[in-house]
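Me: I am new to this structure and would like to understand how its labels are earned. Could we go through some of them with care?

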Amino acid sequence: YAVWLVTFFYVFGQISYIIISYSMNTYAISIGLSQKQGSHLTSIFNAGQVVGRLAIGNLGDNFGRSNIGVIVSTIITIFILCMWPFCKNFISLLFFAIISGGLSAVANTLQISLLSNCVPVGMFPAAWSFENFWVGIFCLMSEPVSIKLRDLDSDYPFLKSQLFCGFLMLGGT
């Protein structure tokens, strides 16, 4: 049961991470920013992970992996649902890229240590393979689903993708 819960946390968090990572540039272009600005935002999102992954791992070691996983997942869910759809200029999207870059890799950072607490040492490789099997299947389809959810005729063409991303992170929480 615990392995399934960690697997759901990892699958939902990783899908959400992939959607943000690969949709940031396209979203930036759709709101009128240049290709260069969109690329910079994606780079800043990825650079935020350098600090975010280290901080999440350290906080998880000090305050409990489950506690930090729930807290950080809740915070990034709020940012995805309440900020990302309303980012309409470079500065607001820059702020979102920094915050989401630092926090969105929470599942990827904590999943191994959470999983190792759920199974005996000898069963860890099998549990990790099981988890990665499911992550691979669902992450393979995550960005195509996100692209299909776009409605280019709408005032908010990425809204369905953003809601999908946010509710997946909420499900992981």
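Reply: Let us begin with Leu-163, which in this predicted model lies in helix α7, the helix that spans residues 159-172.

Me: Why is Leu-163 called partly exposed?

Reply: The relative accessibility of Leu-163 is 32%, and since buried means under 20% and exposed means over 50%, Leu-163 counts as partly exposed. Leu-163 also belongs to a nonpolar surface patch of about 560 Å², which Phe-86, Tyr-156, Leu-159, Phe-167 and Leu-170 make together with Leu-163.

Me: How many aromatic pairs does a search of the whole structure find?

Reply: That search finds 14 aromatic pairs, and among them is the pair of Trp-4 and Phe-130.

Me: What makes the pair of Trp-4 and Phe-130 edge-to-face?

Reply: The centres of the two rings are 4.8 Å apart, with 85 degrees between the planes; because ring centres must lie within 6.5 Å to pair and planes over 60 degrees apart count as edge-to-face, Trp-4 and Phe-130 form an edge-to-face pair. Trp-4 lies in helix α1 (residues 2-30) and Phe-130 in helix α6 (residues 124-149), so the pair ties together parts that are 126 residues apart in sequence.

Me: How do you know that Phe-133 and Trp-134 form an edge-to-face pair?

Reply: Here the centres are 5.2 Å apart and the planes are at 80 degrees, so with cut-offs of within 6.5 Å for pairing and over 60 degrees for edge-to-face, the label fits Phe-133 and Trp-134. Ring pairs also link Phe-133 and Trp-134 into a cluster with Trp-4, Phe-8, Phe-12, Phe-130 and Phe-138.

Note on methods
Residues numbered from 1 in each chain as written. Predicted model: local features only at pLDDT ≥ 70, side-chain atom pairs only at ≥ 80, totals over all residues. Heavy atoms only, no water. Patch = residues over 30% accessible without salt bridge, like charges linked within 9 Å, V, L, I, M, F, W, Y side chains within 5 Å. Areas by Shrake-Rupley, 256 points an atom, 1.4 Å probe, with all protein chains shown as cover. Salt bridge = Lys/Arg side-chain N within 4 Å of Asp/Glu carboxyl O. Helix = DSSP H or I, 4+ residues; strand = E, 2+ residues; numbered from the N terminus. Buried < 20%, exposed > 50% of the residue type's maximum accessible area, 1.4 Å probe, protein only. Phe/Tyr/Trp six-rings, centres within 6.5 Å; stacked < 30°, edge-to-face > 60°.
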